[in-house]
Amino acid sequence: MNLLELLILIPSLGFILALLIPRSQDQAVRLFTLTVSLITFVLSLGLATGYQSGQAGQQFVSDRIWITNPEIHWHVGIDGISLWLIILSTFLTPIAILISWKYVQDRVKEFFAFLLLLEVGLIGVFAAWDLFLFYVFWEVVLVPMYFLIGIWGHDRRIYAAVKFFLYTMAGSVLMLAAIIFLYNRAGTFDYAVILNGIGSGRIMFTHGEETLLFLAFFIAFAIKVPLFPLHTWLPDAHVEAPSAGSLMLASVMLKMGTYGLVRFCLPMFPTAARENAPWIIVLAIIGIVYGALVAMVQPNMKKLVAYSSVSHLGFVVLGIFSFTQMGLDGAVYQMLNHGISTGALFILVGFMYERRHSLAISDYGGVATVAPWLSTVFLVTTLASIGLPMLNNFVGEFLILQGSAQANFTWTVFAALGVILSACYMLWMYQRVFFGEVGEGVAGHLPDLNFREWACIVPLVIMMVWMGIFTQTFLPAVSETNAKVLEQSRMNQPLRVALPGPSIARIAGGAAHAR
Amino acid sequence: MPVNFAPSSDDLLRFAPEIILSLAGTLLMVLDPLFAKKMPKLFGHLSIAAFILAMFGTAAAWSVAGPAYSNLLIVDGFATFFRFLVLGIGIVAVLSSYRYLDREQAETGEYHALLLFSVAGQCLMVAANDLIMIFIGLEISSIATYILAGYLRNDRRNNEAALKYFLLGSFATGFLLYGIALIYGVTGTTQLDMIRASLANPANMPSFTIVRVAAALMFVGLGFKVSGAPFQVWAPDVYQGAPAPVSAFMATAPKAAAFAIFLRIFLTAFQQIATGWEPLIWISALLSMTIGNFAALTQSNLKRMLAYSSIAHAGYILVALAARSEIGTAAAMFYLAAYALMNLGAFAVVIHISGKGERTVNVNDLAGLGKRQPLTAMMLTVFLLSLIGVPLTGGFFGKFYIFQAAIQSNLVWLTVLGLLNSAVAAYYYLRLMVVMYMHEPGEVSNNLEPLTPGLRLAMVLPLIGTFFLGVMPGFVLGFAQRSAGFVK
């Protein structure tokens with residue numbers, strides 16, 4: 001059992017043990033799940049320190065047979081992309097537990113246990129190297145989130161939860177069909193073996209097959225991202241979910257989609273990915289602009305942040321399908337950034353909801369005079385979200401735009417609109433909520449941050465600054481892996497056997513130089 | 001040539017489960033007048049003992065596997081798998097009946113005797129190697145089930161269900177018999193492997209039209225028994241009207257046995273004309289899935305909803321049959337086991353909440369169950385997730401294996417449509433979870449009696465089974481794959 005398996009095992013055990021705690025012991029459940037998630041987080045840092053850069057392929061690998069026929073492996077491992085996404089998951093889970101400390105009073109045990117189960121699924125999704133195992137974890141994530149939204153959500157929670165479940169389910173059954181098809185062709189679910197087979201030309205698809213397989217995977221991921229026009233579940237789910245649900249949904253679960261695109265769609269179906277890139281990019285750009293425009297007119301803060309996610313995730317898809325080193329690096333970096341800054345926004349909006357019991361922008365005003373610290377933290381987060389230099393989102397957006405400019409400058413022009421618009425809607429919201437006349441019901445009802453809330457938000461603010469300035473902590477590992485993805489995605493069919501084209505080292509070196 | 005019809009000791013051993021069950025059933029009827037008033041629970045205990053004994057009998061028969069009674073029966077892995085399955089279903093059905101019969105103040109002796117006879121018929125069916133034996137087994141099983149469906153004779157819906165089931169069932173049996181007669185006319189035999197050999201003989205070519213007609217007629221008869229579309233119309237009414245434990249039993253054991261003979265007849269006897277019947281199965285599979293799932297979306301009665309869901313699940317299994325391969329057969333076997341477990345579990349919860357006279361069997365009667373009886377709600381959730389096909393449950397692997405077999409046989413579109421169907425199905429299963437967890441407790445869950453030991457066991461056993469099939473599917477699937485080869 002290596003560290004990575006331990007990271008999956010500990011929250012799983014935590015989930016089961018938490019369910020066994022007697023119903024009356026609410027505080028014990030909270031403390032227990034917090035402890036488990038903190039232990040998981042601390043251990044997950046071991047992945048970062050133990051990760052050896054410069055090594056191609058996965059690390060912390062564990063490969064054992066789970067089911068003999070058809071042969072399904074318990075095959076987990078990490079590379080530069082999944083490393084940070086796993087740490088993002090383990091980092092945010094304790095925060096999700098902390099922000100729900102007071103808010104959740106009903107069926108406490110189940111709530112906190114579900115958060116741990118969610119963590120298991122998320123780590124598993126990012127660590128799985130067996131397509132079947134990946135699908136299992138992909139679905140495991142769905143169940144706790146469904147209950148988090150449906151039981152502890154706001155008024156229209158049932159509608160939102162069912163919509164969320166069905167959208168995702170519809171996408172993922174297509175992916176399951178594609179996975180089974182791949183298995184019958186390749187004779188294995190092991191992703192490394194399949195990639196090898198595709199790279200060496202041992203596994204071949206006709207053009208039509210490749211396109212359909214690509215689409216089956218792509219639709220499942222696009223729903224999760226969510227890419228315009230498949231995004232309609234997202235605002236509902238976000239608005240109705242409790243803060244912890246919104247946080248995990250926006251920060252990590254949406255990344256399952258983009259992660260899937262980078263991890264599976266590009267390397268496995270290089271030709272189809274390139275052929276379909278144009279319309280996907282058009283959808284991504286529509287998503288960027290549309291998400292921003294809709295966000296601008298939202299009267300509801302949570303909905304505004306939700307639509308801003310549609311816009312931000314459009315950037316990520318654009319970066320991925322630009323097929324440039326910078327675009328991909330930016331996309332992966334932006335996944336992490338979005339997790340931090342949008343997560344922080346949801347947390348802060350949640351704090352305000354707990355005080356004022358309203359999400360409507362018009363119910364606020366002048367919060368800055370009443371709760372100065374809350375306002376300051378909110379301002380930093382807002383600035384991070386709109387991409388101010390020195391803060392995290394700037395790096396990701398810049399890399400994506402630069403990458404897309406290398407591929408096609410027109411895309412960049414349109415996408416850049418999104419950056420401008422994001423400044424508009426975020427700052428306008430900030431102005432209406434925090435400045436101006438002190439609104440009715442604001443004075444006296446909005447105490448400043450307390451100790452627990454500080455503990456939730458400070459780590460995120462630190463990360464915003466850190467990721468904005470010390471990009472080298474994260475980017476080398478990401479770039480290395482992306483270079484490999486890019487090389488795999490360059491292998492279109494005629495070239496599959498012999499590989500001319502630049503080697504990994506040259507791409508990586510070139511990218512580092514350009515940066 | 002003189003033929004020795006006297007059964008050898010091996011023959012008797014291979015027939016052991018049926019002997020045990022029939023004797024036990026008769027014994028119960030003898031004991032009925034003596035103990036019916038004093039110890040009503042005795043009959044349940046005895047029949048569980050009989051089922052367990054019959055399981056040992058099955059194991060003993062398996063140890064001397066082979067044909068019995070001049071090839072009328074054949075004890076192979078396939079038969080053994082299904083014998084174990086129907087016996088297991090029998091045990092859970094008895095467990096979930098204790099409380100129900102008590103609540104309805106029904107006589108217990110005949111009920112359990114009928115149950116034993118029905119399972120005996122199913123054991124015979126799955127081990128039959130001859131169309132006549134199949135027919136006899138089917139009739140033993142069906143007649144007992146017809147009576148069980150109307151067991152509470154003062155209840156109007158029970159009567160309606162039994163009559164409907166009986167009339168339509170006998171009609172369907174007629175089709176089956178007609179098919180058997182035609183086959184006998186063409187090939188001169190009713191033995192499955194000899195039919196196959198006879199059809200493989202090029203001299204029989206001209207009569208293929210009649211063989212096709214015969215296959216179509218038998219398809220109608222068997223399609224009715226497995227409640228596959230377009231012969232499914234009886235299922236919702238009968239499942240809704242019959243006593244809940246009987247519905248649970250009907251949706252699982254006779255169905256599993258009927259699928260077993262479906263597989264055996266079509267893959268063994270009619271292998272030669274497979275290209276002829278495959279489109280029929282294909283269409284029936286798609287229709288069953290679609291009709292079942294879409295009709296279930298709008299149901300408010302739990303039993304009726306589960307009936308439609310069972311039609312949809314029959315559709316999934318027909319997909320495996322359409323695949324016409326050993327993996328397909330193994331997938332169907334696995335799915336039937338997984339389906340039996342999750343369905344029995346879900347029905348056990350329905351029995352629990354239904355109350356006297358089954359007055360509260362609506363979806364809304366589950367409201368707030370998650371708050372009042374979290375353990376029951378949790379178990380139902382697992383069964384529902386398994387019915388949806390969420391990983392780590394038996395239902396998921398069942399679907400997975402079926403669609404894997406289908407893709408291997410190039411049924412890509414059927415697979416895609418089937419999987420999309422299962423996404424539709426998620427909606428109505430989710431609705432139950434919504435009501436259980438997200439609605440405030442209603443009158444029913446506030447006044448719910450605590451779970452009785454029998455019902456609890458009837459939920460816990462399927463729960464363990466569902467997880468076992470979902471986490472370690474290899475054991476059961478391995479056995480199914482080894483036995484699937486016998487059917488050809």
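Biologist: Where's the kink in α11(B)?
Modeller: Bear in mind that this is a predicted model. In α11(B) the kink lies at B:Met250, shortly before the proline B:Pro254, and comes to about 30°.

Biologist: What end-to-end span should that helix have, and what does the model give?
Modeller: Helix α11 of chain B covers residues 244-269, so at 1.5 Å a residue its 26 residues should span 38 Å. The end C-alpha atoms are 36 Å apart, which agrees.

Biologist: And is α11(B) mostly covered or mostly open?
Modeller: Mostly covered, with 25 of its 26 residues buried.

Biologist: Switching to the chain contact. How many residues does each chain put in?
Modeller: Chain A puts in 27 residues and chain B puts in 25 residues. On the chain A side, α5 (131-152) and α6 (157-186) each supply at least two residues.

Biologist: Which helix gives the most on that side?
Modeller: That's α6(A), with 15 residues.

Biologist: What's the mix of residue classes there?
Modeller: The side of chain A that touches chain B has 21 nonpolar, 4 polar and 2 charged residues.

Biologist: OK, now the largest nonpolar core. Which residues touch the most other members?
Modeller: Out of 403 residues, those are A:Ala177, A:Phe217, A:Cys265, B:Phe334, B:Tyr335 and B:Leu336. The element that gives the most to this core is helix α14 (residues 326-354) of chain B, with 22 residues.

Biologist: What does A:Ala177 touch?
Modeller: Leaving out residues up to four places away in sequence, A:Ala177 touches A:Ala216 in its own chain, plus B:Phe403, B:Thr415, B:Val416 and B:Leu419 in chain B.

Conventions:
Residues are numbered from 1 along each chain as its sequence is written. Chains are lettered from A and ligands numbered from 1 in the order in which they are written. This is a predicted model: local features need pLDDT of at least 70, side-chain atom pairs count only at pLDDT 80 or more; totals for chains, interfaces and linings use all residues. A nonpolar core is a set of buried Ala, Val, Leu, Ile, Met, Phe, Trp, Tyr and Cys residues joined through C-beta atoms within 7 Å. A residue is buried if 20 or more other C-beta atoms lie within 10 Å of its own, exposed if 12 or fewer, and partly exposed in between; C-beta atoms are placed from the backbone. Helices (H or I, at least four residues) and strands (E, at least two) are DSSP runs, numbered from the N terminus. Two residues are in contact if their C-beta atoms, placed from the backbone, lie within 7 Å. The expected span of a helix is 1.5 Å times one less than its number of residues. The bend at a residue is the angle between axes fitted to the seven residues ending there and the seven starting there. Ala, Val, Leu, Ile, Met, Phe, Trp, Tyr, Cys and Pro count as nonpolar, Asp, Glu, Lys and Arg as charged, and the others, Gly among them, as polar.
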